[in-house]
Amino acid sequence: MSGRAAGRQAETERRAPGAENQAQKTKNQEQGARHLEHGAKHQELGAKRQERGAKDRARRAKDRTPEAEPDAELKAYFGTKLLTWFREAARDLPWRRTRDPYHIWVSEIMLQQTRVDTVIPYFLRFIERFPTIRDLAEAPEAEVLKMWEGLGYYSRARNLQAAARQVMERHGGAVPADKAAVSALKGVGPYTAGAILSIAFNRPEPAVDGNVMRVLSRFFLLEGDIAKPAVREGLEELARDLIPEGEAANFNQALMELGALVCTPRSPGCLTCPVMERCAGRLAGRAHELPVKAKAKPPKPEHRLAALIWGRGEHAGKVLVRRRPKAGLLAGMWELPHVEAPNASIWRSTDAGPDWLAGALAAEGLRVRPVRPVADAEHVFSHLHWHVKVWEADLLEGSIPALSSFAGGVFGGVREEGAVYLHDAGDDAGGDRSGGAAEIGLERDDAPSYRWVGKDEFENLAWPKMFRTLLSRFFASADAGLWTGARKRQWAGLSAGDKK
Ligand code: SF4
């Protein structure tokens with residue numbers, strides 16, 4: 001290497017660390033710029049989030065207005081008048097004769113969306129059969145559902161039992177008096193938690209149901225839409241604020257009782273109301289307009305076709321029924337096999353309807369030949385309105401449903417009501433009513449199971465109201481001999497005149 005070249009190399013080597021430093025510096029600067037850019041973006045996002053939060057808070061605050069802030073004197077008036085009235089007017093209800101938190105809890109769950117008169121016999125039977133939390137926790141679910149049959153909203157029963165098991169596991173079988181622990185139990189929302197804590201333990205927690213919202217909205221002339229969560233929260237705060245010292249149990253019950261007996265939805269009995277003198281809604285002549293509540297969407301209509309299949313031979317006098325999957329709509333309950341029709345005209349058609357029913361059931365493994373329509377029924381849930389047309393159908397030989405292929409619907413817990421309209425016997429459509437399929441009542445968690453049931457077994461299974469009514473009438477007409485022979489006779493007492 002020449003001296004000059006060696007010098008250049010030495011120079012390059014001398015400069016190299018500097019160049020590296022420079023490159024690193026540039027890299028750092030670029031990274032820094034990127035971080036700054038990210039930081040700015042984060043800041044921007046944070047600002048947007050804050051803005052959204054502020055808007056949300058403003059909206060919720062707006063929903064809560066006009067907020068009642070009763071002064072001490074008005075609170076004392078309201079509490080004293082209400083408690084005095086309650087001592088005189090309180091109904092003697094079975095769950096008011098106890099402070100047992102389990103019994104109070106059961107009553108509160110049953111009373112959701114259900115009238116007191118309806119609940120009383122159910123409550124008494126339920127407590128007699130399951131007197132303690134342990135009894136409920138250890139009972140077969142089918143038995144719990146059976147005790148609940150006819151009350152509707154069956155998820156309430158399943159949740160109640162699941163919560164009873166939680167109480168056994170977590171709290172040694174004693175309902176906790178702690179808000180967080182009670183609220184953590186399955187199916188226990190803010191209202192139920194407040195009711196249990198206040199009524200059973202006299203804790204100053206609000207229990208705001210529809211009755212309470214109505215009374216408070218009227219008395220304080222509150223115009224917020226009670227369908228909005230923020231308005232409900234505001235009413236809970238107000239109800240909490242109103243509880244007189246040491247009187248949570250009686251005060252909360254008094255408020256509910258006033259809504260149930262006096263401040264009723266359509267005809268508030270203001271002239272007999274203990275707080276009429278200072279009721280802002282009454283004084284403004286606006287009691288009838290309150291509370292404000294946005295209309296809920298009507299239940300979606302659904303047209304369904306069902307098969308009534310009578311057994312023969314060893315299954316004579318029995319009907320083929322299925323049990324719904326353990327999860328979802330009407331979980332674990334029994335019913336006639338049925339499918340959804342694609343539209344109302346196919347559902348109505350006496351040609352396309354039975355074709356569709358046979359095809360849809362065949363796809364599930366159950367091969368039938370519909371013979372004649374025998375009943376129409378309706379089943380109203382909170383979100384669905386079933387129109388059910390029942391076809392008497394023959395079971396074709398060798399038709400055993402492939403249970404695993406059945407896809408049951410999955411929905412949340414729902415309210416259900418049933419109405420049934422039975423058809424005249426109509427013409428003999430002929431056909432061989434076959435039976436003889438083996439007992440096919442396998443039970444699975446995720447698919448319905450099929451089984452032949454006679455009248456006695458029918459009584460012991462849990463059915464949605466509509467199917468219970470249908471089947472009890474079918475069995476009664478079978479007892480009267482109306483399903484035999486030429487099938488041309490009218491069903492005694494079940495003709496068109498029976499339609500509602
Ligand atoms: Fe309801 Fe009338 Fe009583 Fe007011 S005065 S709380 S509107 S019953």
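# A viewer tour, starting at Glu 335

Select Glu 335: with a relative accessibility of 1%, Glu 335 is buried. On the scale used here, buried means under 20% relative accessible area, exposed means over 50%, and partly exposed is in between, with a 1.4 Å probe and protein chains only. What you have open is a predicted model, so local features need pLDDT of at least 70, side-chain atom pairs count only at pLDDT 80 or more, and totals for chains, interfaces and linings use all residues. Residues are numbered from 1 along each chain as its sequence is written, and side-chain values use heavy atoms, with hydrogens and water left out.

**Stop 1: around Glu 335**

Glu 335 belongs to strand E3 (residues 334-335). Strand and helix labels come from DSSP runs (helices are H or I with at least four residues, strands are E with at least two), numbered from the N terminus. Now show side chains and pick Arg 322: its side chain has a polar contact of 2.6 Å with that of Glu 335. Then add Arg 324, whose side chain is in a polar contact of 2.8 Å with the side chain of Glu 335. A polar contact here is a pair of N or O atoms within 3.5 Å; within protein, one must be able to donate a hydrogen and the other to accept it, and residues adjacent in sequence count only if both atoms are side-chain atoms.

**Stop 2: the ligand and its cavity**

Where does the ligand sit? Select the ligand and you are in the largest cavity. "Sits in" has a rule: more than half of the molecule's atoms lie within 2 Å of the grid points of the cavity or pocket. The cavity itself comes from a 1 Å grid over the protein atoms alone: it is a set of points where a 1.4 Å probe fits but cannot get out, and lining residues have an atom within 4 Å of a point. Grid points are joined across faces, edges and corners, and a volume is the space filled by probe spheres set on the points.

By this rule there are two cavities of 30 Å³ or more, and the largest has a volume of about 100 Å³. Its lining has 16 residues, and the closest to its centre are Cys 263, Cys 270, Cys 273, Val 275 and Cys 279. Colour helix H10 (residues 210-219) next: with three residues, H10 gives the most to that lining. Coloured by class, the lining of the largest cavity shows 13 nonpolar, one polar and two charged residues. The classes are these: Ala, Val, Leu, Ile, Met, Phe, Trp, Tyr, Cys and Pro are nonpolar, Asp, Glu, Lys and Arg are charged, and the others, Gly among them, are polar.

For the shell around the ligand, select Arg 218, Cys 263, Cys 270, Cys 273, Met 276, Cys 279, Arg 282 and Ala 287. The cut-off for that shell is a heavy atom within 4 Å of the molecule. Split by class, the shell has six nonpolar, no polar and two charged residues.

**Stop 3: backbone oddities**

Most residues other than glycine have a negative phi, and most peptide bonds are trans. Go to Pro 291, in the loop between helix H13 (280-283) and strand E1 (300-308). The peptide bond leading into Pro 291 from Leu 290 is cis, with omega near 0 degrees.

Jump to Tyr 153, in the loop between helix H6 (141-148) and helix H7 (154-171). Its phi is positive, near 45 degrees, in a residue other than glycine. Is Tyr 153 buried or exposed? Tyr 153 is buried, at a relative accessible area of 15%.

Leu 221 is in the loop between H10 and helix H11 (229-242). Not a glycine, Leu 221 nevertheless has a positive phi of about 50 degrees. Leu 221 is partly exposed, with a relative accessible area of 21%.

**Stop 4: back to H6 and the loop after it**

In helix H6, pick Trp 148, buried at 0% relative accessibility. Measure from its C-alpha to that of Arg 158, 10 residues apart along the chain, and you get 9.7 Å. Glu 149 is in the loop between H6 and H7 and is buried, with a relative accessible area of 11%. Its side chain makes a polar contact of 2.3 Å with the side chain of Arg 468.

**Last stop: two exposed loop residues**

Gln 113, between helix H3 (101-111) and helix H4 (116-129), is exposed at 58% relative accessible area. Gly 246, in the loop between H11 and helix H12 (248-261), is exposed at 56%. Its C-alpha is 7.1 Å from that of Asn 202, 44 residues apart in sequence.

Notes:
On a 1 Å grid over the protein atoms alone, a cavity is a set of points where a 1.4 Å probe fits but cannot get out, and a pocket is an open set with protein on both sides within 12 Å along at least five of seven lines; lining residues have an atom within 4 Å of a point.
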